[in-house]
Amino acid sequence: MVQEKLPSWLQTYADQISSLGVFGDHCANHVLVNEYNAGEGIMPHEDGPMYYPTVTTISLGSHTLLDFYVPINKDCPEDQNQVSSTEEQRHILSLLLEPRSLLVVREELYTSYLHGICPKTSDTLGPKAANLEKCTAHSGETLQRGTRVSLTIRFVPKVLKTSILFGRGR
Ligand SMILES: O=C(O)CCC(=O)C(=O)O
Ligand SMILES: [Fe+2]
């Protein structure tokens with residue numbers, strides 16, 4: 001990854017989140033901006049080693065429900081055939097991400113599970129919604145999704161300085 005300066009409004013958020021100590025002594029240097037219209041999601045995935053061990057997300061606009069799944073174990077023959085369990089059975093919990101909220105994912109939730117967002121236009125908060133005591137919404141409620149913008153703010157230890165790649169600026 002080649003390092004570039006963040007826009008100042010994003011730097012403000014990167015600094016504020018970093019001051020919580022979630023990246024150790026480091027300051028976040030990577031921001032991914034995603035926009036989701038109602039009905040759009042992201043496939044279950046892992047964020048991989050580049051951002052390990054912490055990922056933080058600010059949600060703007062709409063809420064969403066972030067789902068966590070037990071991954072398919074490639075060493076297990078039953079899992080290879082993908083007959084052992086359905087996506088619903090692998091779905092262990094969901095976190096309601098309310099507008100203007102900050103999510104910090106670390107440790108086991110980062111390393112051992114996949115995360116994704118179902119492509120739906122509404123979410124009914126069921127028993128797998130694990131953080132409702134921290135939210136304004138209640139169990140059993142149905143929330144209609146609107147457009148959501150997420151700022152995924154992380155620290156990437158291995159970055160290339162542009163001056164090395166493109167030569168020194170004058
Ligand atoms: O938009 C989100 O909250 C999740 C995005 C995400 O998982 C990713 O970009 O890797
Ligand atoms: Fe992700």
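I count Ala, Val, Leu, Ile, Met, Phe, Trp, Tyr, Cys and Pro as nonpolar, Asp, Glu, Lys and Arg as charged, and the rest, Gly among them, as polar. With that rule, the lining of the largest pocket comes out as ten nonpolar, six polar and three charged residues. Note to self: this is a predicted model.

**Entry 1, the largest pocket**

I looked up its volume and got about 260 Å³. I then pulled the lining, which is 19 residues, with H45, D47, T57, H115 and T152 nearest the centre of the pocket. Which elements give two or more residues to that lining? I found β1, β2, β3 (54–61), β6 (102–106), β7 and β10. The top contributor is β10, with four residues.

**Entry 2, who sits there**

I checked what takes up this space, and it is ligand 1 that occupies the largest pocket. Around ligand 1 I listed L32, N34, Y36, I42, H45, D47, T57, H115, I117, R148 and S150. I sorted this shell by class and got four nonpolar, five polar and two charged residues.

Next I asked which strands supply at least two residues each to the shell. They are β1 (30–36), β2 (42–45), β7 (114–117) and β10 (148–154). Here β1 gives the most, with three residues, whereas for the pocket lining it was β10 that gave the most.

**Entry 3, polar contacts of ligand 1**

I went through the side chains that reach oxygen atoms of ligand 1. For R148, a polar side-chain atom lies 2.8 Å from a ligand oxygen. S150 has a side-chain N or O atom at 2.8 Å from an oxygen of ligand 1. For D47 I read 3.2 Å between a side-chain N or O atom and a ligand oxygen. How much of ligand 1 does the protein bury? Taken alone, ligand 1 exposes 290 Å², and the protein buries 93% of that.

**Entry 4, cavities**

I then turned to the closed spaces. How many cavities of 30 Å³ or more are there? I count two.

The largest cavity holds about 50 Å³ of space. Its lining is Y36, N37, A38, E40, S62, H63, T64, I117, R145, G146 and R148. By class I get three nonpolar, five polar and three charged residues there. I marked Y36, I117 and R148, since they turn up in this lining and also in the shell around ligand 1.

The second largest cavity also has a volume of about 50 Å³. I listed E46, D47, V55, F68, V105, L109, Y110, Y113 and H115 as its lining. That set splits into six nonpolar, one polar and two charged residues. D47 and H115 line this cavity and are also among the residues around ligand 1.

**Entry 5, residues I keep meeting**

D47 is one of the residues nearest the centre of the largest pocket, has a side-chain atom 3.2 Å from a ligand oxygen, and lines the second largest cavity. R148 makes a 2.8 Å approach to a ligand oxygen and lines the largest cavity.

Definitions and conventions:
Residues numbered from 1 in each chain as written. Chains lettered and ligands numbered in written order. Predicted model: local features only at pLDDT ≥ 70, side-chain atom pairs only at ≥ 80, totals over all residues. Heavy atoms only, no water. Near = heavy atom within 4 Å. Polar contact = N/O pair within 3.5 Å; in protein donor to acceptor, adjacent residues only side chain to side chain. Areas by Shrake-Rupley, 256 points an atom, 1.4 Å probe, with all protein chains shown as cover. 1 Å grid on protein atoms, 1.4 Å probe; cavity = no way out; pocket = protein on both sides within 12 Å on 5 of 7 lines; lining within 4 Å. Sits in = over half its atoms within 2 Å of the grid points. Points joined across faces, edges and corners; volume = space filled by probe spheres on them.
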